[in-house]
Amino acid sequence: MADWKEVYSEILSSYVGRYKEARGNSQLRDEILAEVKSEILKHEPEDSVGFPPHLRVAIWRVFLSHLDLEDQDDEIAIIQHILAVTRKSWAESCEGEDAREEKADPTKAGDYKKAFMAFTVVQRIFKEEMDAYDRERRDTKDPKTIGQRNRIIQQWWESVSDERKAEAGRAAEKWNKLGAPKETHDLYRRKNLPNMARDLIETMHRTMGPYVVMFVAHEAGEGQVKMVVFETAPADGKKPFTQSSESSKDWVLNGENSLTDYLLTAPVEDDSAEKHEVEISLDEDGNPEMPTWAGQKLKVQQNLARAVFQAAYAKFMKKPKARVPWGLLIESPMEYLDSQSIPEGFTMKDPSKWTKADLQLLWDHWQTLEAEEKVIVSFISCKKEDVPLSRQFDRRPVAGSSKKREWMDPEDDSEEEVGEEGVHSRQMMKSGEVVNSFRPIVD
């Protein structure tokens, strides 16, 4: 690999005189350095050339050797001051892995359309370094050089340390698992869901020939699910499968009911070896006592809080293995809990979603209750399936539980179509009963 100073010796020599004459004029000397760098980058060498990491500084070092001693001392003092300021700025902005990841975290749903890879993530996390590397190797102000960017970025990627590549890989795995922020789902779904679903069905049919019926469901507020059914466009003169017979209509309704129930059912607690085992002490009456949470990691604190609720529910049910109905508790906490069990304004979630701030509210509230010799958590009701035969709870019938749902024809005025044949939608409530039609998920 050729030495860059030898390859570009003529260009360097042609600027030495101007640089010496600009003594005392720092701005002019900066402009000369920038001009030399631009001139070098415009001339593609025939052989491979090894450029220094910071080309502009390297050019300055070449010119420095041509200055008299007094001028050299002045130049060195200026550069040392600049480097000191740069190091201080870098130290103040130095961030850990979590901070870098959070800063680069994609916030738009469209960013997640393609799965992240270490190569794409490292460009987000270390963007400033990548851009500086790019600027050192081409004139970024010249649009004609944009074609060189991909090659330069690939070279930069190859120079990235294994530690940083591993960091980018971990971030990519996390972003792919979590997906786009929940608050971005609605707008992106309304703009893209129908077309993306149809494109997928048409591509499958065009390339492999299958007839596809697709259920698509998403959350629409507490205890609600919105659902759309897409299917392959039928042959001429043939009704879509979902409207072709009473049995197919019932099949769709049953599928919608099953999917709705599935989505609204609380997840089963993970009993794998990875789960942090915790123990909760009980008082003489069997009520849970305040656990020792200080200094524990977030996951342990989440499991401690979960165990408190679990112990309280088991005590209320008089069944040690009775599981807390988290889905119902999240939906209507005050229907199942004593009003003093959680602090005012506290948002009930699955314990795995609680943050340290959420848990701090719980701990503070429970410590206050315990100091007043009160029970920290107690249940006043349970899910219907857990009701013991010996107890008489409110047995109000669930809407629609004794009446079979009837098919509502998408062609009727009570339903509204979404685009093409075979595409319909309805709003589902927790009971599975059709409440009313809703507008298609299309702008």
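A salt bridge here is a side-chain nitrogen of Lys or Arg within 4 Å of a carboxyl oxygen of Asp or Glu. Keep that cut-off in mind for arginine 29 and glutamate 75: their closest N and O atoms are 3.0 Å apart, and the two form a salt bridge. What you're looking at is a predicted model, and this pair is a handy way into it.

Where do arginine 29 and glutamate 75 sit in the chain? Arginine 29 is in helix α3, which covers residues 26-42, while glutamate 75 is in helix α5, residues 69-93. With their positions 46 residues apart, the pair links distant parts of the chain. Are the partners buried or exposed? Arginine 29 has a relative accessible area of 2%, so it is buried. Glutamate 75 comes in at 8% relative accessibility, so it counts as buried too. The pair also has company: Arg23, Arg29, Asp68, Glu70, Asp71 and Glu75 are linked in a network of salt bridges.

Search the whole structure and you'll find 20 salt bridges. One of those to look at is lysine 127 with aspartate 131, whose side chains meet at 2.7 Å, N to O. This one stays within a single helix, α8 (residues 127-137); because the two residues are four apart there, about one helical turn separates them. Lysine 127 is partly exposed because its relative accessibility is 46%, whereas aspartate 131 is buried, with a relative accessible area of 16%.

Now try lysine 349 and aspartate 358, whose side chains meet in a salt bridge at 3.1 Å, N to O. Lysine 349 has 26% relative accessibility, so it counts as partly exposed. Aspartate 358 has a relative accessible area of 14%, so it is buried.

Let's step back to the overall layout. The chain's secondary structure comes to 16 helices and six strands. Of its 443 residues, 37% count as buried. If you take contacts between residues at least 6 apart in sequence, 63% of them join residues at least 24 apart.

On to the nonpolar side chains. In soluble globular proteins, such side chains tend to be buried together. In this model, the largest nonpolar core has 31 residues, and Phe309, Trp366 and Phe379 have the most contacts inside it. Which helices each supply at least two residues of this core? They are α13 (298-317), α14 (326-331) and α16 (356-371). Helix α13 gives the largest share, nine residues.

Phenylalanine 379 is a good spot to zoom in. Ignoring neighbours within four places in sequence, phenylalanine 379 is in contact with Phe309, Ala312, Tyr313, Phe316, Val324, Leu329, Tyr336 and Leu337. Apart from this core lies another, of 22 residues, and among them are Ile11, Leu12, Val16 and Ile32.

Finally, have a look at the outside. The chain's accessible surface comes to about 27,900 Å², and 50% of that belongs to carbon and sulfur atoms. Which residues form a nonpolar patch on the surface? Tyr211, Phe241 and Trp251 do, with about 300 Å² of accessible area together. Tryptophan 251 has its place in helix α12, residues 246-264. Its relative accessibility is 42%, so tryptophan 251 counts as partly exposed.

Technical notes:
Residues numbered from 1 in each chain as written. Predicted model: local features only at pLDDT ≥ 70, side-chain atom pairs only at ≥ 80, totals over all residues. Heavy atoms only, no water. Patch = residues over 30% accessible without salt bridge, like charges linked within 9 Å, V, L, I, M, F, W, Y side chains within 5 Å. Areas by Shrake-Rupley, 256 points an atom, 1.4 Å probe, with all protein chains shown as cover. Buried < 20%, exposed > 50% of the residue type's maximum accessible area, 1.4 Å probe, protein only. Core = buried A, V, L, I, M, F, W, Y, C linked by side-chain atoms within 4.5 Å. Contact = heavy atoms within 4.5 Å.
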